[in-house]
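Please take a moment to look over the sequence and the fold before reading on. The paragraphs below start from one pair of facing residues and then widen the view.

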Amino acid sequence: MAADDFAFLHGTWTIANRRLKTRLAGADDWEEFSSKAVIRPLFGGAANIEEIHYPAEGAYGLTLRLYDAEKDIWSLHWATSEGRLFPPVQGRFTEGIGLFEGDDEHRGTPVRVRFTWTPGGPDSARWEQAFSADGGLTWELNWVMEFSRSAPAEGTG
């Protein structure tokens with residue numbers, strides 16, 4: 001693992017979202033919408049900040065990713081424009097795939113949250129979110145984002 005694991009993500013992106021409307025109910029009611037994101041490196045790549053805009057919803061979000069060199073682990077912190085800061089997920093990249101987990105709740109139900117990051121080359125990436133309500137025995141995929149690069153990060157291209 002390295003402090004530059006998320007370097008592939010720096011830049012400006014157009015995102016195709018596919019999100020499960022009803023979670024943890026065995027539903028198959030997906031919605032699709034677009035968003036845009038700008039991801040900037042901080043601390044020489046050992047952190048980055050992502051600002052994301054969901055135009056159809058009139059909403060914004062922010063992710064702060066921090067690399068802890070001593071623990072050799074990333075922490076991902078998500079916040080909404082409504083003022084909610086979610087508990088972080090933590091993890092690392094192994095063989096090119098980033099896997100990050102943490103505890104949260106969904107509508108009062110305790111859940112384990114898993115983010116999976118898959119770089120797809122210089123101009124694409126994929127993020128997935130899954131919930132487990134049984135301590136990680138089973139997982140429900142509930143959000144997929146397909147990133148397409150719009151522009152490189154400032155100073156990288």
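In strand β3, I49 is the residue that stands opposite R40. Strands here are DSSP runs of E with at least two residues, helices are runs of H or I with at least four residues, and both are numbered from the N terminus; two strands count as paired if DSSP finds at least two bridges between them. This is a predicted model, in which local features need pLDDT of at least 70 and side-chain atom pairs count only at pLDDT 80 or more, while totals for chains, interfaces and linings use all residues. Residues are numbered from 1 along each chain as its sequence is written, and side-chain values use heavy atoms, with hydrogens and water left out.

The pair just named belongs to a longer ladder, for strand β2 (residues 30-42) and strand β3 (residues 47-54) pair in the antiparallel sense over 7 bridges. Along this ladder K36 likewise stands opposite H53 in β3. The two strands form a hairpin with 4 residues between them, and F43 in the turn has a positive phi of about 50°. On its other side β2 meets strand β1 (residues 11-20), to which it is joined by 10 bridges in an antiparallel run, and here R19 of β1 has E31 in β2 as its bridge partner.

These pairs are parts of a wider arrangement, a closed barrel of 10 strands that runs β1-β2-β3-β4-β5-β6-β7-β8-β9-β10 with antiparallel pairing. Neighbouring strands of this sheet are turned by 25° against each other on average, direction ignored, where the axes are lines fitted to C-alpha atoms (for helices over the stretch in contact) and angles run from 0 to 180 degrees between N-to-C directions. In general, strands of a sheet pair through backbone hydrogen bonds, either parallel or antiparallel.

Further along the barrel, β6 (89-94) and β7 (97-106) are joined by 5 bridges and run antiparallel, with F100 in β7 as the bridge partner of G91. Strand β7 is then joined by 9 bridges to strand β8 (residues 109-119), again in the antiparallel sense, and D103 has R112 in β8 as its bridge partner. In a regular strand the side chains alternate between the two faces of the sheet. Strand β7 shows such an alternation, since G98, F100, G102, D104 and H106 point to one face and are buried, while I97, L99, E101, D103 and E105 point to the other and are not; buried means under 20% relative accessible area, exposed over 50%, and partly exposed in between, with a 1.4 Å probe and protein chains only.

Which residue of strand β3 counts as buried at 4% relative accessibility? That residue is E50, which lies in β3 and is buried because its relative accessibility is 4%. The side chains of E50 and R65 are joined by a polar contact of 2.4 Å, a polar contact being a pair of N or O atoms within 3.5 Å, of which, within protein, one must be able to donate a hydrogen and the other to accept it, and residues adjacent in sequence count only if both atoms are side-chain atoms. Leaving aside residues up to four places away in sequence, E50 touches A37, V38, I39, G61, L62, T63, R65 and F147, where contact means heavy atoms within 4.5 Å.

Among the nonpolar residues, the largest nonpolar core has 28 residues, of which F6, L9, L76, F100, W117, M145 and F147 touch the most other members. Strand β8 gives the most to this core, with 4 residues. Such a core is a set of buried Ala, Val, Leu, Ile, Met, Phe, Trp, Tyr and Cys residues joined through side-chain atoms within 4.5 Å. With residues up to four places away in sequence not counted, M145 touches I15, A16, N17, S35, I52, Y54, A125, R126 and W127.

The loops complete the picture. Most residues other than glycine have a negative phi, and most peptide bonds are trans. D72, in the loop between β4 (59-68) and β5 (73-80), has a positive phi near 60° and is partly exposed, with a relative accessible area of 26%. E95, in the β6 and β7 hairpin with 2 residues between the strands, takes a positive phi near 50°, and this residue is exposed because its relative accessible area is 80%.
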